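Please open the model in your viewer and keep the sequence panel beside it, since this tour moves from one selection to the next. Bear in mind throughout that the model is predicted.

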Amino acid sequence: MTDVLSREQRCALLAEAGREELVALADECLADGAPVRVLTGPEVGAVAAQVREPVLAERFLLGDVLACRAEVEVAGQRGWSMRLGDDRAATLAAAVLDAEAEATRPQSGRIEQLCREVEARRARREAAEWAELAPTVVEFEELT
């Protein structure tokens, strides 16, 4: 990942963050009394999940998954979030954090820090998964 998170990267990382850390940080963002408007309240629905298989890198539709989305405006800046599952509070909090970061308001640095922590957790989880799978790798040799 690059040094500066793009909005897409930030939203993806906020979608993986824990509920408690999102809600706590969103509360801190709104503690200064910034005007907030909920443009689209948290809505739960199903979205089609597309995945890429790892061998040929071809995409296919996995199926429908439960997701929640929300859109807010904080201090005149729009923020958006979509998370898997039906946690409306976490989704609304993530949208507030997206707006706070886009507006480069006072808690922007803390949001960046949270995203970096989520990114590090993801890397550790993936490394542990690969370490668990490594003994099952079959290596072929060509006989000449």
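**A pair of helices**

Begin by selecting residues 88–102, which are helix α3, together with residues 108–133, which are helix α4; the two pack at an angle of about 120°, and their axes lie 8 Å apart. Because angles of 65 to 115 degrees count as roughly perpendicular and those over 145 as roughly antiparallel, this angle makes α3 oblique to α4. If you turn the view to look through the pair, the crossing of α3 and α4 is left-handed.

Next, show the side chains where these helices meet: α3 contributes Leu97, Glu100 and Ala101 to the contact, while α4 contributes Ser108, Ile111 and Leu114. Sorted by character, the residues in this contact of α3 with α4 comprise four that are nonpolar, one that is polar and one that is charged.

**The sheet**

Now move to the strands, of which three form an open, antiparallel sheet in the order β1-β2-β3. Select 36–52 for β1 and 77–84 for β3 to see the edge strands, each of which pairs on one side only. From one strand to the next, the twist averages 25°.

Then add residues 59–74, strand β2, which pairs with β1 in the antiparallel sense over 14 bridges. Two places to look along this pairing are Val51, which stands opposite Phe60 in β2, and Gln50, whose bridge partner in β2 is Leu61.

Finish at the hairpin of β1 and β2, where six residues lie between the strands and Ala57 takes a positive phi near 60°.

Technical notes. Residues are numbered from 1 along each chain as its sequence is written. This is a predicted model: local features need pLDDT of at least 70, side-chain atom pairs count only at pLDDT 80 or more; totals for chains, interfaces and linings use all residues. Side-chain values use heavy atoms; hydrogens and water are left out. Two strands pair if DSSP finds at least two bridges between them. Helices (H or I, at least four residues) and strands (E, at least two) are DSSP runs, numbered from the N terminus. Axes are lines fitted to C-alpha atoms, for helices over the stretch in contact, and angles run from 0 to 180 degrees between N-to-C directions. Angles under 35 degrees count as roughly parallel, over 145 as roughly antiparallel, 65 to 115 as roughly perpendicular and the rest as oblique. A crossing is left-handed if the near helix is turned anticlockwise from the far one by less than a right angle, and right-handed if clockwise. Contact means heavy atoms within 4.5 Å. Ala, Val, Leu, Ile, Met, Phe, Trp, Tyr, Cys and Pro count as nonpolar, Asp, Glu, Lys and Arg as charged, and the others, Gly among them, as polar.
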